[in-house]
Amino acid sequence: MIASSTDRPTMSPRTSAARSGGRAARLDQICASASALARDAIQADPSHIGDHVGTTTEGDRLVTHRFNCLLPGYRGWHWAVTVTRIARSRHVTVCETSLLPGRDALRAPEWVPWRDRLRPGDLGVGDLLPTSSDDDRLMPGYLLSDDEAVEEGLWERGLGRARVLSREGRAELAQRWYDGDHGPNAPISLASPAPARCGACGFYLPLAGSLRQLFGVCGNRFAPDDGRVVSVDHGCGANSEVVVDATVPVDELPTVYDDSEIETITVRDTMKRDGV
Ligand code: SF4
């Protein structure tokens, strides 16, 4: 009996007026006084049915009674029971019962499609992740792309690939790579010497195509980014041009100049004595 519909089909004034033959429906006093009948119609444990909190006029002789719901986990929800009667009769009957959310009801968050929920790294071993036919990152392989390297790759394989990266797809991945852990702002890059950039490193293998201007692959087995795409201005301490000063410092004894004393030395004039 518990209806889980969260969008209550409330009747707009226009609908209500239409059912009333073009005039606003008035609260039917006989239906409005049938709250006990409405309460009995709720197929739930009586301890889960709270106070009567109001009535709503849905149309001529059509009234909805609302009761607080005391079910655990249903804070702010209401039992709603719609009752009616035929004209010139005092016999009230129940049309429907439902459980509807109130203004402060606890409700499930909005549904998010799986393709919007998916995050990098969610794909596990054995999982399949189909790419939709209208994925903006890809374009049909029979169309000429604006990247010569993509064209070469296409025809080198003979029949070519069904789809290749579009300009939008390349721009998106370039921005993602550049902003990630292999770009210039990665912690290892910021901590390395300023000249130790990948673009000046012997282990840097530039990519093909237009991405070559900004990205390459690190081929240094000792670098944390070995085998990964790095930006040309990324860097690390394993850069091939990093030079460590290998000279061993030698302790020198301090040289002391004492020029405050003048030492007088007597020199014999031997040339005069010898008559030269
Ligand atoms: S060793 Fe370091 S500087 Fe050289 S390419 Fe790899 S990540 Fe870049």
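Colleague: Before we start, when does a residue count as near a molecule?

Modeller: A residue is near a molecule if its C-beta atom, placed from the backbone, lies within 6 Å of it. Keep in mind that this is a predicted model.

Colleague: OK, so how many residues surround the ligand, and which are the closest?

Modeller: There are 15 residues around the ligand. The closest are Cys198, Cys201, Cys218, Asn220 and Cys236.

Colleague: And how does that shell divide into nonpolar, polar and charged?

Modeller: The shell around the ligand has 10 nonpolar residues, 4 polar ones and 1 charged one.

Colleague: Changing topic: how many helices and strands does the protein have?

Modeller: You'll find 8 helices and 9 strands in the protein. Among the strands, β1, β2, β3 and β4 make an open sheet, in just that order, with antiparallel pairing.

Colleague: Which strands stand at the edges?

Modeller: Those are β1 (49-59) and β4 (93-101). Each has a single partner strand, so one side of each is left without a neighbour in the sheet.

Colleague: How much are neighbouring strands turned against each other?

Modeller: On average by 20 degrees, direction ignored.

Colleague: Let's look inside the sheet. How many bridges join β2 to β3?

Modeller: β2 (residues 62-69) and β3 (residues 77-84) are joined by 7 bridges and run antiparallel. Across that pairing, Val63 stands opposite Val83, and Arg66 is opposite Ala80.

Colleague: What about the other side, β3 to β4?

Modeller: There, 8 bridges join the two strands, again antiparallel. Trp77, for example, has Pro101 in β4 as its bridge partner.

Colleague: Is β3 largely enclosed or largely open, and why?

Modeller: β3 is largely enclosed by the rest of the structure, because 6 of its 8 residues are buried. Across the whole protein, buried residues make up 18% of the 276 residues.

Colleague: Which elements have the highest and the lowest mean pLDDT?

Modeller: β3 has the highest, at 97, and helix α1 (residues 13-19) has the lowest, at 44. Over residues 1-18 the pLDDT is below 50, and beyond near neighbours in sequence that stretch has 21 contacts in the model.

Colleague: What's the average pLDDT for the protein?

Modeller: The average is 81, and 80% of the residues score at least 70.

Colleague: Last one: what share of the contacts with a separation of 6 or more is between residues 24 or more positions apart?

Modeller: That share is 52% in this protein.

Conventions
Residues are numbered from 1 along each chain as its sequence is written. This is a predicted model: local features need pLDDT of at least 70, side-chain atom pairs count only at pLDDT 80 or more; totals for chains, interfaces and linings use all residues. Ala, Val, Leu, Ile, Met, Phe, Trp, Tyr, Cys and Pro count as nonpolar, Asp, Glu, Lys and Arg as charged, and the others, Gly among them, as polar. Two strands pair if DSSP finds at least two bridges between them. Helices (H or I, at least four residues) and strands (E, at least two) are DSSP runs, numbered from the N terminus. Axes are lines fitted to C-alpha atoms, for helices over the stretch in contact, and angles run from 0 to 180 degrees between N-to-C directions. A residue is buried if 20 or more other C-beta atoms lie within 10 Å of its own, exposed if 12 or fewer, and partly exposed in between; C-beta atoms are placed from the backbone. pLDDT is the predictor's confidence in each residue, from 0 to 100. Two residues are in contact if their C-beta atoms, placed from the backbone, lie within 7 Å.
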